[in-house]
Amino acid sequence: MRSGIDMKLSELQIGRTATIFAVGGSGALRQHFLDMGLIPQGDVTMVKYAPMGDPMELRIHSYE
């Protein structure tokens with residue numbers, strides 16, 4: 001459900017779910033995002049962040 005708020009994945013709070021509307025990057029990086037399941041209209045849930053904020057653990061299509 002679109003809430004009208006555009007945000008980056010890194011701004012998603014732990015435990016919250018959002019719908020992907022656009023996938024950034026270009027070339028191999030963008031293709032890697034798509035291969036991981038980060039596709040438009042897909043849902044993604046933020047599971048946790050590493051202590052320094054990167055990497056992050058996501059739940060996409062029941063996979064973490």
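Visitor: Which residue of β3 is the bridge partner of Val 44?

Guide: In this predicted model, Val 44 has Ile 60 as its bridge partner in β3. Val 44 of β2 is also the bridge partner of Ala 18.

Visitor: What makes β2 a strand?

Guide: A strand is a DSSP run of E with at least two residues, numbered from the N terminus. β2 covers residues 43-49, so it qualifies as a strand.

Visitor: How do you know that β1 and β2 pair?

Guide: Two strands pair if DSSP finds at least two bridges between them. β1 and β2 have three bridges, in the antiparallel sense, and therefore meet that cut-off. Thr 19, for instance, stands opposite Asp 43 in β2.

Visitor: And over how many bridges do β2 and β3 pair?

Guide: Five bridges, again antiparallel, so the requirement of at least two is met here too. Among the pairs is Tyr 49 with Met 56 of β3. The two strands form a hairpin with six residues between them, and Gly 53 in the turn has a positive phi of about 95°.

Visitor: Why are β1 and β3 called edge strands?

Guide: The three strands form an open antiparallel sheet in the order β1-β2-β3. β1 (17-19) and β3 (56-60) each pair on one side only. From one strand to the next the twist averages 35°, an angle between N-to-C directions of axes fitted to C-alpha atoms, on a scale from 0 to 180 degrees.

Visitor: Why is Thr 45 called buried?

Guide: Buried means under 20% relative accessible area, exposed means over 50%, and partly exposed lies in between, with a 1.4 Å probe and protein chains only. Thr 45, in strand β2, has 13% and is therefore buried. Leaving out residues up to four places away in sequence, Thr 45 touches Gly 15, Arg 16, Thr 17, Glu 57, Leu 58 and Arg 59; contact means heavy atoms within 4.5 Å.

Visitor: What pLDDT does the protein average?

Guide: The average is 87, and 94% of the residues score at least 70; pLDDT is the predictor's confidence in each residue, from 0 to 100. Among the elements, β2 has the highest mean (94) and β3 the lowest (92). Local features need pLDDT of at least 70 and side-chain atom pairs 80 or more, whereas totals for chains, interfaces and linings use all residues. Numbering starts from 1 along each chain as its sequence is written, and side-chain values use heavy atoms, without hydrogens and water.

Key
Helices (H or I, at least four residues) and strands (E, at least two) are DSSP runs, numbered from the N terminus.
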